[in-house]
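Hello,

Here is the structure we spoke about. My notes on the contacts follow below it.

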Protein chains: 2
Amino acid sequence: MELSQRKEKILAAVVEHYIKTGEPVGSKTLLSALDITVSSATIRNEMAELAALGYLEQPHTSAGRIPTNEGYRYYVDNLMGVRPLDDSVKRQIEAGVSLKNASPEAILAKASEFLADMTDCAAVSTTPSGENATIKRIEFVPVGTRTGMIVLLTSTGVIKSKVCRSDVDLNSSMIEKFYNIVKSSFLGLPLDDIDTATLQTLVASMGADALTMIPFVSAVSELAQEAMRTMVMLGGQSNILRYREDYGTTAYELMDFLRRGEPISQLLANSKADLDVKIGGENKFKQLENSSVIMAHYNIDGDNRGSIGIIGPTRIDYASLIPSVRYLTDLVGELLTQTLNED
Amino acid sequence: MELSQRKEKILAAVVEHYIKTGEPVGSKTLLSALDITVSSATIRNEMAELAALGYLEQPHTSAGRIPTNEGYRYYVDNLMGVRPLDDSVKRQIEAGVSLKNASPEAILAKASEFLADMTDCAAVSTTPSGENATIKRIEFVPVGTRTGMIVLLTSTGVIKSKVCRSDVDLNSSMIEKFYNIVKSSFLGLPLDDIDTATLQTLVASMGADALTMIPFVSAVSELAQEAMRTMVMLGGQSNILRYREDYGTTAYELMDFLRRGEPISQLLANSKADLDVKIGGENKFKQLENSSVIMAHYNIDGDNRGSIGIIGPTRIDYASLIPSVRYLTDLVGELLTQTLNED
DNA sequence: GTTAGCACTCTTTTAAGTCGAGTGCTAACT
DNA sequence: AGTTAGCACTCGACTTAAAAGAGTGCTAAC
């Protein structure tokens with residue numbers, strides 16, 4: 001659908017004004033905001049046509065126009081000027097995510113917290129997917145006579161630990177056996193290769209040692225499960241209250257939706273594009289009917305590994321927020337790549 | 001301040017009715033809720049006196065009475081029947097906090113989440129204070145040619161890890177030296193004994209090895225700092241919206257207050273009593289002017305170690321929530337004690 | 001194709017009036 | 001002295017009416 005240049009100008013102005021004020025915008029307001037030398041009547045005509053095309057709508061007969069989801073979409077796809085980020089903003093973002101020697105979880109948690117503060121939206125991020133991760137290292141740290149702590153380190157830098165309780169007193173030969181099993185059967189193994197079937201054949205192959213080793217092996221398997229699960233980091237839920245009246249659903253429902261990480265991670269994972277903007281109903285979830293999501297993927301070693309995004313009202317400031325999310329996400333990707341390659 | 005038995009009965013009825021409905025309660029309503037055989041006029045007289053004493057107040061001239069903070073206080077201290085918990089509730093709580101082989105952090109996070117769901121309030125918990133914790137174990141896990149991961153385990157079950165980057169390539173003698181230092185200088189040491197002064201004397205005593213060992217030692221010190229810092233676990237922020245109109249401050253301010261863990265941990269730490277109820281302005285923080293906090297301490301090995309609490313409107317249901325918080329907190333204490341002693 | 005003008009629509013604001021819950025007070029009663 | 005019925009009074013909540021204001025759509029002229 002091609003629009004005349006003037007229509008585009010008007011649509012852009014409506015979107016931008018509405019984003020800024022939250023008020024329906026009328027023909028006169030538009031006139032002063034626009035550098036076009038036409039009368040308000042002309043603008044009214046144009047707006048009527050834009051409304052007929054589905055880009056604008058009226059809350060009620062005698063109010064100004066507000067963009068429809070399609071209007072926003074057209075604006076984001078064709079009209080929005082993607083001005084490059086200000087250097088000061090860049091530096092601000094850099095300062096916001098830099099964390100020395102931190103774990104991936106900590107970096108991502110910090111990133112969503114910071115992004116939320118910066119954008120006044122709720123922000124989410126997911127930890128790197130465990131899909132292509134392998135087991136890099138497993139350590140056993142004895143703690144008591146029958147207990148020890150197993151520490152698992154993945155190729156994506158995730159570290160998980162778990163207390164493991166043996167059925168008999170520990171001794172050095174057991175520990176040695178455990179390390180042998182680790183070496184022969186776990187190290188370098190993709191996380192998602194560890195399922196009950198492979199575990200069973202492994203246990204079967206251990207013969208007499210099986211009984212004493214089972215707690216260790218199953219602990220490792222549980223750790224692998226945990227390490228594979230992508231976690232959702234949430235930040236700035238309180239910002240939802242900032243634009244309360246813009247979210248169609250009640251603020252409560254939205255917050256509740258965010259709290260359950262599951263749908264969020266689905267939301268973020270479903271998008272294939274490098275940077276994705278979902279406007280209103282474009283999201284599958286009805287709780288997000290009146291919300292927009294701006295999300296980007298970060299890469300580790302060039303591999304698409306996880307996402308960072310913000311959730312705001314549909315009248316979110318796309319033009320300035322999209323570059324910010326993009327920049328921050330790239331930065332986090334670099335940071336994570338760097339952290340992991342130093343290991 | 002001693003109140004006549006009838007006044008107490010009336011005060012209790014007002015408090016309980018207001019807690020239940022949120023509406024100011026008048027003399028006639030009270031009459032039917034009370035098993036006293038007096039007229040509404042008598043009740044009015046009594047209520048007027050209770051108001052003069054500062055236990056009740058009127059939102060406006062022609063409305064019923066609501067309790068003042070002093071009224072709630074008197075109710076909580078003298079009137080509230082502390083009926084023992086229902087067995088079904090107990091079992092529910094037990095199911096809510098039980099988590100096998102979990103870290104203290106996970107247990108506490110789960111506990112506040114569960115408590116929030118159960119009480120419809122926001123819930124908080126703090127991780128065990130590092131005050132009396134000692135270093136139980138330190139492990140070095142080599143990961144790259146110059147990097148490794150240091151894992152620190154405290155006597156309170158906290159596990160922290162950090163990447164450590166050496167200035168020169170790692171070799172086994174360095175690692176051995178590190179373990180010697182750990183053994184002689186760190187193991188068993190209280191976390192709060194590790195300050196820059198002791199570190200400096202330690203480094204000084206190492207002579208020629210100082211240079212290569214500094215990254216390791218300082219990583220250990222950072223880990224100790226981290227392990228000592230009590231963390232605040234937050235749950236059920238969205239519940240704040242449930243009683244939005246009851247919180248004097250805006251919901252936003254309150255959520256924002258919760259988000260910064262610092263004041264919360266101060267709040268919880270400041271109370272010395274085993275179980276503490278702070279009503280409205282009794283809290284130092286102005287964001288909590290119209291909120292009540294019910295908090296309890298959990299003990300590990302009989303030692304007061306951390307707190308769990310809920311934050312709700314002043315018209316929170318003290319009588320039934322206090323025992324719940326108490327029970328859950330005790331349970332968590334037992335669980336943590338058990339988890340730690342098994343190690 | 002553009003524009004001035006104007007009637008029309010619909011929300012928001014303001015004002016006024018009514019209703020009702022609940023009180024405080026007085027005077028009588030036990 | 002304590003209790004109670006009765007009643008005037010207060011003040012918010014709700015209803016209705018009217019006025020104001022913003023903005024449109026349409027028509028007719030340019």
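To begin inside one chain: B:Asp246 and B:Arg315 are both buried. Keep in mind that this is a predicted model. The side chains of these two residues, B:Asp246 and B:Arg315, form a salt bridge with an N to O distance of 2.7 Å. The pair joins distant parts of chain B: B:Asp246 lies in the loop between S7 and H10, B:Arg315 lies in the loop between S10 and helix H12 (318-342), and 69 residues separate them.

Salt bridges

Over all chains, the structure holds 42 salt bridges. In chain A, A:Glu46 is paired with A:Arg6 at 2.8 Å, N to O. A:Glu46 sits in helix H3 of chain A and A:Arg6 in helix H1 (residues 5-21), 40 residues apart. A:Glu46 counts as buried because its relative accessibility is 6%, under the 20% cut-off. A:Arg6 has a relative accessible area of 34% and is therefore partly exposed.

A:Asp169 and A:Arg146 make another salt bridge, with their closest N and O atoms 2.8 Å apart. This pair also links distant parts of the chain: A:Asp169 is in the loop between S6 and helix H7 (172-186) of chain A, A:Arg146 is in the loop between S4 and S5, and they are 23 residues apart. Both ends are partly exposed, A:Asp169 with a relative accessible area of 45% and A:Arg146 with 39%.

Where chain A meets chain B

In the contact between the two chains, 32 residues of chain A touch 32 residues of chain B. The two chains bury about 3100 Å² between them, and 56% of that is on carbon and sulfur atoms. On the chain A side, A:Asn101, A:Tyr252 and A:Arg259 lose the most area to chain B, together 18% of what that side buries.

Four salt bridges are found across this interface. A:Arg259 forms a salt bridge with B:Glu113, where the closest N and O atoms are 2.5 Å apart. Five residue pairs are in polar contact between the chains, counting residues at pLDDT 80 or more. Elements of chain A that each supply at least two residues to the side touching chain B include helix H6 (104-119), strand S4 (135-142) and helix H10 (251-259). That side of chain A divides into eleven nonpolar, eight polar and 13 charged residues.

Helix H10 (residues 251-259) of chain B has several buried residues, among them B:Leu254, B:Met255 and B:Phe257. The buried residues of H10(B) pack against H10 of chain A, and also against elements of chain B including strand S3 (122-126) and helix H11 (261-270).

DNA strand C

Which residues are closest to DNA strand C? They are A:Arg6, A:Ser39, A:Thr42, A:Thr61 and B:Ser27, out of 21 residues that surround the strand. Of the strand C atoms within 4 Å of the protein, 77% belong to sugar or phosphate and the rest to bases. A side-chain N or O atom of A:Thr42 is 2.4 Å from a phosphate oxygen of the strand. The bases are reached too: a side-chain N or O atom of A:Arg44 is 3.2 Å from a base oxygen, and a polar side-chain atom of B:Arg44 lies 3.2 Å from a base oxygen. Helix H3 (40-52) of chain A and helix H3 (40-53) of chain B are the elements that give two or more residues to the surface near strand C. H3(A) gives the most, with four residues. The residues of this surface divide into four nonpolar, 13 polar and four charged.

Regards

Conventions
Residues numbered from 1 in each chain as written. Chains lettered and ligands numbered in written order. Predicted model: local features only at pLDDT ≥ 70, side-chain atom pairs only at ≥ 80, totals over all residues. Heavy atoms only, no water. Contact = heavy atoms within 4.5 Å. Buried area = accessible area lost by both parts, 1.4 Å probe. Polar contact = N/O pair within 3.5 Å; in protein donor to acceptor, adjacent residues only side chain to side chain. Nonpolar A, V, L, I, M, F, W, Y, C, P; charged D, E, K, R; others polar. Buried < 20%, exposed > 50% of the residue type's maximum accessible area, 1.4 Å probe, protein only. Near = heavy atom within 4 Å.
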